[in-house]
Amino acid sequence: MNENEMDGAIAESAQEEKGKKGKKWIAILCVVVFVVVVIVLALVLLNRKKPYEADFSEDSGDVLNIAVYNEEFIGIMEEYYPDYDAESDWEGEIGDVTVRFTYIPTGDDFQELLEEGLEERDEDERIDMFIVEPRFSAEYFTFNDYCLSMEELELTDYMEDQFGYFINAAMDEEGNVNGIAYESFPGMFVYNRDIADEVFGTDDPEEVQEYLADWDKFVEAAEMLEEEGYYITSSYDSHYRIFAERGDTPWVVDDELQVPEAYLEWAELTKEMYEEDYMYPAQEWSWEWMELFYDRDEEFGYFSCPWHLEYTLIPWMSAEEGDWAACVGPEAFIWGGQILCASADTDNPGLVRDIMYQLCCNPEVMMEMAEDGHVVNNRVVMEAMVEEEEMTSEFLDDQSLAQIYLESSENAVFGNHSLYDAQLDTMFKEAMNRYIVEDEDLEDALEEFYEMVEVVFPDIEIDD
């Protein structure tokens with residue numbers, strides 16, 4: 001064998017060895033992949049939630065009493081709970097159980113009336129399930145003994161597709177989730193297309209969103225609008241709820257008053273914009289604010305949500321369909337909602353659980369609700385609505401709102417809250433109104449707020 005032949009043989013041998021090693025590594029890789037797949041499948045099988053089964057074995061009541069603060073949930077029951085048979089506007093049947101709805105109006109007496117119903121000694125009169133609004137939920141969930149948690153009702157396994165906002169809104173200080181929601185009420189910013197086109201050069205929602213993407217850009221957009229003679233909003237306090245929802249601390253911690261930084265951010269931002277004449281100088285829901293609905297030549301937009309669009313903007317506006325559009329706005333938020341709570345003393349826990357499951361967890365029922373236009377509290381269902389470009393509005397030029405609703409529902413933050421929220425919010429806004437509108441010094445306005453708190457809540461310590 002000459003030198004060239006020897007070199008060729010060596011090269012061929014090396015190539016064969018390399019091929020063998022390659023096949024060996026491929027075999028090892030295949031084994032590893034197989035093992036990983038087996039492990040993943042095993043984990044999936046182990047963690048797969050068990051199929052839902054209704055259990056009425058502990059139910060003993062002939063009457064199911066549900067406390068509501070409006071008629072919306074009654075309609076939801078009639079339309080979507082499969083076994084509910086309505087006999088009148090406020091009463092119906094589920095099998096042999098009579099269902100009665102009790103109206104408790106929101107207001108100062110709500111909590112007292114609710115507690116009376118929850119503590120009623122007559123089982124046929126005692127409240128079995130009640131509904132609260134997320135913003136004020138902390139008032140009711142503080143009374144932990146009144147609620148069955150979702151864990152006690154064995155519903156947590158079916159809540160994985162729900163939005164975090166409503167889970168946090170229903171959570172007490174100990175981390176128990178004491179309620180469940182069937183629908184989301186995501187916020188959005190509804191704006192005038194003609195004004196957007198004139199000032200920004202476009203009325204396309206995605207492009208307008210870029211001008212309103214955060215609060216700094218919102219102020220810049222307001223300046224551009226003001227230069228052309230427009231107000232960015234029709235009131236100076238409609239964005240208060242957005243900052244209030246994401247409070248970094250509760251109003252009260254260990255019986256001591258805390259002013260959350262988010263509230264002060266709102267006051268400073270609003271003061272700046274009010275002084276620059278960027279927002280119409282009216283309070284939301286005032287007569288002056290409502291009169292603007294008949295004359296919209298100067299107002300660019302509104303912070304809105306599904307119910308606000310449907311029941312306030314559309315019926316009150318003297319505008320033609322297609323004149324308006326919507327985008328997310330500077331910050332995602334939720335405006336309203338209904339959280340279902342189970343009484344700890346209900347004598348029909350199985351029926352209450354089944355109502356909660358069917359309306360708040362059952363994907364088939366929630367898909368039906370979504371196809372009818374409800375923004376359901378289910379991420380997967382809402383993603384399907386986005387894919388199908390559903391939830392269109394003729395008033396908004398047939399714009400599909402599903403993506404906006406999904407984005408707001410996913411990103412809205414429910415911050416730390418306390419049972420004092422409702423009254424302290426009212427007092428704080430009243431005090432800050434003097435700072436924003438009447439040009440009072442911020443420290444003086446805060447001092448007036450502290451004085452109001454001392455009168456209404458003498459047990460709260462104030463360290464100003």
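Two strands are taken to pair if DSSP finds at least two bridges between them; helices (H or I, at least four residues) and strands (E, at least two) are DSSP runs, numbered from the N terminus. The model is predicted, so local features need pLDDT of at least 70 and side-chain atom pairs count only at pLDDT 80 or more, while totals for chains, interfaces and linings use all residues. Residues are numbered from 1 along each chain as its sequence is written, and side-chain values use heavy atoms, with hydrogens and water left out.

Select first strand β8 (residues 188-192) together with β13: the two pair in the antiparallel sense over 4 bridges. Within this pairing, Y191 has A325 of β13 as its bridge partner.

Widen the selection to the sheet, which is open, has 4 strands in the order β9-β12-β8-β13, and shows mixed pairing. Its edge strands, each paired on one side only, are β9 (231-233) and β13 (324-327).

Next, add helix α8, which packs on the sheet and touches β8, β9 and β12 (299-304); contact means heavy atoms within 4.5 Å. The direction of α8 makes about 140° with that of β9, where axes are lines fitted to C-alpha atoms, for helices over the stretch in contact, and angles run from 0 to 180 degrees between N-to-C directions. Helix α12 (residues 306-316) also packs on the sheet, touching β8 and β12.

Finally, display α8 (residues 215-227) with helix α10 (residues 261-275): their axes come within 11 Å and cross at roughly 10°. In α8, W215, F218, V219 and A222 meet L269, E272 and M273 of α10.
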